[in-house]
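The following exercises concern strand order, helix packing and a contact between two helices. Each task is followed by a solution in steps.

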Amino acid sequence: MLEKMEILDVDKVIEEFEAMTKDAENVQRETLKKILEENGCAEYLQNLGLNGRTDPESFKACVPLVTHKDLEPYIQRVVDGASSPILTGKPITTISLSSGTTQGKPKFVPFNAELMETTLQIYRTSYAFRSREFPIENGKALQFIYSSKQSKTKGGLIAGTATTNVFRNSKFKNAMKSMQYQSSSPDEVIFGPDFHQSLYCHLLCGLIFREEIQSVSSTFAHSIVHAFRTFEQVWEELCADIREGVLTSRITFPSVRSAMAKLLKPNLELADLIHKKCSGLNNWYGLIPELFPNVKYIYGIMTGSMEPYLKKLRHYAGNLPLLSSDYGSSEGWIGANVNPTLPPESATYAVLPNIGYFEFIPLKENVEEHVQGKVNDYFIYMEPKPVGLTEVKVGEEYEIIITSFAGLYRYRLGDVVKVMGFHNSSPELKFVCRRNLMLTINIDKNTEKDLQLAVEEAAKLTAEENMEVLDFSSHVDLSTDPGHYVIFWEISGEVSDEVLKECCNCLDRSFVDAGYVSSRKVNAIGPLELRVVRRGTFQKILDHYLGLGAALSQFKTPRCVGPTNNKVLQILCDNVAKSYFSTAF
């Protein structure tokens with residue numbers, strides 16, 4: 001007998017969330033206690049002298065703040081199959097690989113059943129708030145999700161990207177069904193071995209079920225933009241497949257072909273309708289609602305390094321709302337978007353106090369508040385003490401520290417967030433930037449957000465020529481004396497030298513950080529350089545990461561290419577078509 005699928009009780013999920021956030025401080029204490037009780041026998045904690053204590057005060061006194069580098073030796077032993085409890089009480093059987101776009105190589109992060117459960121809790125919470133504002137009928141979701149291969153480590157653990165470990169977990173599919181959120185694509189497409197072929201089939205499945213599609217989503221906004229840029233290239237081929245009922249020969253994998261053959265039947269009427277709709281669009285504006293008339297919203301991570309894609313996404317979306325999904329990382333989750341009506345630029349995330357233990361390092365550099373010692377005319381900056389989840393202040397910026405159920409204790413995530421308000425007694429956070437992603441030569445400090453704002457300002461000049469900046473990255477070039485910033489742009493077509501020179505000057509002027517401006521004025525930092533790369537360069541970077549085993553759904557364009565990321569820097573430098581130096585200072 002078929003088991004009856006239980007539909008998620010949205011009101012109950014919201015009720016539980018409200019109760020938990022009203023009592024966030026106690027829930028945090030209980031969560032820490034639970035983490036330490038479950039993992040107290042782990043070697044890492046045993047060595048720190050907690051001796052069974054589980055209170056926050058003892059925990060903070062005994063356990064140091066750490067980065068991934070500090071934990072690497074322990075994680076490596078887990079990866080190599082050590083049998084004794086090292087970071088967690090129960091054995092870790094799965095390892096997540098981070099996207100690797102920040103540091104140039106993927107990091108290993110423990111993944112376990114508890115982390116899977118918090119993932120589903122986050123999904124259920126944000127879905128509950130989303131469906132209150134944007135109720136969806138029992139239709140299908142066009143999900144541009146891709147699962148890269150899972151492999152085995154030397155010690156026999158399963159290793160895959162965080163998204164792959166989630167998508168391949170049986171609980172994920174059941175959770176999606178309970179949310180009436182079923183993908184329009186069969187598993188063979190999602191788990192297909194070639195993402196180009198999977199993407200084509202995702203688009204084809206979406207068109208076949210066009211009337212039933214209720215939402216369009218992916219892990220990141222970049223993947224949705226990438227999908228519809230691809231649609232612009234292949235739409236006539238998709239129409240031909242639907243007209244003939246025969247799948248294009250570009251799809252070569254037998255498992256994918258046979259799954260698609262079950263869905264694809266000759267449909268002349270549908271092919272003609274799609275052809276007519278595409279032919280009638282002006283520069284593809286409003287493409288998504290034209291193709292999928294019953295879509296309620298577009299969903300994915302749209303904050304941080306995804307913000308530069310919002311302009312293009314809005315172009316495709318027409319009047320459809322863009323909803324930013326939840327806040328987390330390969331290391332663990334932090335908060336859910338419980339205010340789905342806010343535009344992505346204003347998105348906030350309410351912290352779930354039972355999914356981990358959270359601390360926050362204040363980043364306000366206030367000399368009176370923080371202890372500083374003056375030695376030989378240099379300031380020694382003592383980092384302020386972290387504060388608890390309910391002790392943060394509205395309007396202040398913090399670096400997040402997480403303690404998870406998967407063996408990370410007082411782990412510096414490297415994210416900077418701003419407290420925008422509170423949901424009951426749990427803070428609502430806005431993602432600001434990655435703390436370590438910075439352009440800096442001497443006293444200048446420019447974050448990823450500063451870079452994005454500079455690019456947006458300068459890109460207005462190309463927009464006047466009806467050209468768009470498709471993607472961008474940056475690099476600090478210290479091979480020159482003085483060192484200087486290099487910005488890489490990929491543009492949709494030819495732009496005159498005159499305009500690009502002005503773009504270069506505009507970029508230089510748009511970095512308003514006082515340290516940068518004063519250094520430029522005295523030539524302690526050299527003129528900014530704009531390098532325009534050939535079309536397809538950022539696709540080569542994407543292919544490079546996919547070749548390393550990254551999943552497309554987890555890919556983020558590296559915005560600042562550091563010295564350790566040689567291969568990406570080489571791809572960018574090998575594809576420079578034009579180069580300009582600023583004359584702004």
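In strand E6, the bridge partner of Ala141 is Ser183. The model is a predicted one, and the exercises start from this pair.

**Exercise 1.** Determine which strands pair around this bridge and where the edges of the sheet lie.

*Solution.* Step 1: Strand E3, residues 140-143, pairs with E6 through two bridges, in the parallel sense. Step 2: The sheet is open and has five strands in the order E6-E3-E7-E8-E9, with parallel pairing. Step 3: Strand E6 (182-183) and strand E9 (322-324) are the edge strands, since each pairs on one side only.

**Exercise 2.** Identify which strands are touched by helix H11, and which strands helix H15 lies across.

*Solution.* Step 1: Helix H11 (residues 221-244) packs on the sheet and touches strand E7 (213-220) and strand E8 (297-301). The direction of H11 makes about 120° with that of E7. Step 2: Helix H15 (residues 310-317) lies across E8 and E9, and runs at about 140° to E9.

**Exercise 3.** Classify the mutual orientation of helices H10 and H12, and describe the residues of their contact.

*Solution.* Step 1: The axes of helix H10 (residues 195-208) and helix H12 (residues 254-263) come within 11 Å and cross at roughly 10°. Step 2: Angles under 35 degrees count as roughly parallel; H10 and H12 are therefore roughly parallel to each other. Step 3: From H10, Cys201, Leu204, Cys205 and Ile208 meet Val256, Met260 and Leu263 of H12. Step 4: The residues of this contact comprise seven nonpolar, no polar and no charged.

Notes: Residues are numbered from 1 along each chain as its sequence is written. This is a predicted model: local features need pLDDT of at least 70, side-chain atom pairs count only at pLDDT 80 or more; totals for chains, interfaces and linings use all residues. Side-chain values use heavy atoms; hydrogens and water are left out. Two strands pair if DSSP finds at least two bridges between them. Helices (H or I, at least four residues) and strands (E, at least two) are DSSP runs, numbered from the N terminus. Contact means heavy atoms within 4.5 Å. Axes are lines fitted to C-alpha atoms, for helices over the stretch in contact, and angles run from 0 to 180 degrees between N-to-C directions. Angles under 35 degrees count as roughly parallel, over 145 as roughly antiparallel, 65 to 115 as roughly perpendicular and the rest as oblique. Ala, Val, Leu, Ile, Met, Phe, Trp, Tyr, Cys and Pro count as nonpolar, Asp, Glu, Lys and Arg as charged, and the others, Gly among them, as polar.
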